[in-house]
Amino acid sequence: MPLRTFNKWRDFKFAPEWKKKTGELDRKLLEFSRLFKSRRYPTPDELFFEIEDLPSMGKEYWFMHFCSPPREEQVIFTFGRSVDPVRVNEGSVPEAEGQQGVVCAAVCWLYSKGRKEVIFDSTTNVRLKKGERNSITAEKGESKISITGKYPHFDISLVKGGRRIFYAHASHPCKGHPYEMVNILTNPFAPRLGTVMINYYFEFEGVLEGKPMKGKAYLQKVVAAMPLAPWNWVRLEFGNGDSLDFFTGKPLGEAAGWHFASNAYIEIGGRRTKLRGLKLSTWLDKEKRVWSLSSKSMVAILESYSVQPFIMRQKTVFQYDEYLVRAKAFALRLAGKEYTLSDLGGGVGIAEDASGYLF
């Protein structure tokens, strides 16, 4: 390197402003690292029923999905927050603190009686209680989401305008995995970043808009100290109680063509089998979107019948769309056996399409 070039590089490298910026970044990364080293979750409830003291750029969110295959009724709750305020859809930017608890952005919607209804699309006040029956509630005016209980029994309630329109009692499934805790705490590219989550798999019985409803429930809590990047997730529930789950991350975006699947399995008769080589393709958009999930041993054709978009704005924009889907065709060869859609009792579920980045 020529001496003049070296001197310019030296002056830039050791400039006070440069050192200030790199020092701030390193401090934030250390906060991420301390969060995951200091927090221990010996039971799943200690993660689910917790409001974290998030580090800079940290995030936490709760996600709940209820469906009743082969019927098309579905209920979805999503609420969460970031230390750096995030505007969701056309809602206002959340304030730093609520009068009680914390302020979260929430989108709650359902499909019932052949139509979609959005219950929450705004900021909400989220409060936590611990004791004999843990509880967490997201509330705005006369509308409220509440989850109470201790594993393996939870009661979930949705109130709109002072009237309860959905109730579910969720309990341990008769077959299959009851829950899993996932820790993504080591990353060769960014070792101080990470994610920890709890996934509950329940059966439930309840009432939706005055009609009995029972089926499968999926409850999730995520604490993350890393950017949100593009992904696709498909979860299909079958009428006989079996399920299909597929996730693919797209950290460099769709155009780059570099995907990695971190979760792809089918659960039949309570036994999970990992599926390899699955590829997801889509056609059309909004309620007309068709999804194809296929490999050498399986094909699933899914048809959308409702969609709810999330647009999250910070310094960047993150687009996250939830599609409700029904299975139109399904074929699987597994361990010398063949399965079709009629063998599994029909299927409905959710497909997510996320793009953009949220830091």
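S292 sits in strand β18, which spans residues 290–294. In this predicted model, S292 has a relative accessibility of 10%, so it counts as buried, the cut-off being under 20%. Setting aside residues up to four places away in sequence, S292 touches K279, L280, S281, W283, A300 and I301. Strand β17 covers 279–283, and the contacts of S292 with K279, L280, S281 and W283 can be read alongside that range.

Between β17 and β18 comes a loop, and D285 is found there. D285 is partly exposed, as its relative accessible area is 44%. The side chain of D285 still has company: one polar contact, at 3.4 Å, goes to the side chain of R289, and another, at 3.1 Å, goes to the side chain of Y323. V307 is 22 residues away from D285 in sequence, and the two C-alpha atoms are 9.6 Å apart in space. Y323 turns up again in the packing of the nonpolar residues, described next.

The largest nonpolar core contains 41 residues, and the ones with the most contacts inside it are F66, F77, I147, L158 and F166. The strand that gives the most to this core is β11 (residues 194–208), with 6 residues. Apart from this core lies another, made of 26 residues, including L236, L275, Y323 and V325. Y323, then, belongs to that 26-residue core and also has its side chain in polar contact with D285. Back in the 41-residue core, F77 gives a good view of the packing. Neighbours within four places in sequence aside, F77 is in contact with W62, F63, M64, F66, V107, C108, I145, I156, L158 and F166. Three of the core residues with the most contacts, F66, L158 and F166, are therefore on the contact list of F77 by the 4.5 Å criterion.

Strand β12 (residues 211–225) is largely enclosed by the rest of the structure, because 12 of its 15 residues are buried. Strand β12 pairs with β11 in the antiparallel sense over 15 bridges. The two strands make a hairpin with 2 residues between them, and E209 in the turn has a positive phi of about 50 degrees. At the hairpin, L208 stands opposite K211 of β12. Strand β12 is also joined to β1 (residues 59–67), through 9 bridges and again antiparallel. In that pairing, C67 has K216 of β12 as its bridge partner.

A few spots in the backbone are worth a look. The peptide bond from P69 to P70 is cis, with omega near 5 degrees, and P70 lies in the loop that links β1 to β2 (74–82). A cis bond also runs from Y151 to P152, where omega is near 15 degrees; P152 is placed in the loop between β7 (143–150) and β8 (153–160). Positive phi values crop up outside glycine as well. K113, in the loop between β4 (102–112) and β5 (115–129), has a phi of about 55 degrees. K113 counts as exposed because its relative accessibility is 54%, and the cut-off is over 50%. A335 has a positive phi near 50 degrees and is located in the loop between β20 (317–334) and β21 (337–340). With a relative accessibility of 76%, A335 counts as exposed too.

Taken as a whole, the protein chain has 4 helices and 22 strands. Of its 359 residues, 48% count as buried. Among contacts between residues at least 6 apart in sequence, 55% join residues at least 24 apart. The accessible surface of the chain comes to about 17,900 Å², and carbon and sulfur atoms account for 55% of it. As for confidence, the average pLDDT is 83, and 78% of the residues score at least 70. Residues 17–26 are a stretch where the pLDDT is below 50, and beyond near neighbours in sequence this stretch has 5 contacts in the model.

Terms used: Residues are numbered from 1 along each chain as its sequence is written. This is a predicted model: local features need pLDDT of at least 70, side-chain atom pairs count only at pLDDT 80 or more; totals for chains, interfaces and linings use all residues. Side-chain values use heavy atoms; hydrogens and water are left out. Buried means under 20% relative accessible area, exposed over 50%, partly exposed in between (1.4 Å probe, protein chains only). A nonpolar core is a set of buried Ala, Val, Leu, Ile, Met, Phe, Trp, Tyr and Cys residues joined through side-chain atoms within 4.5 Å. A polar contact is a pair of N or O atoms within 3.5 Å; within protein, one must be able to donate a hydrogen and the other to accept it, and residues adjacent in sequence count only if both atoms are side-chain atoms. Accessible areas come from the Shrake-Rupley method with a 1.4 Å probe; for residues, only the protein chains shown count as cover. pLDDT is the predictor's confidence in each residue, from 0 to 100. Two strands pair if DSSP finds at least two bridges between them.
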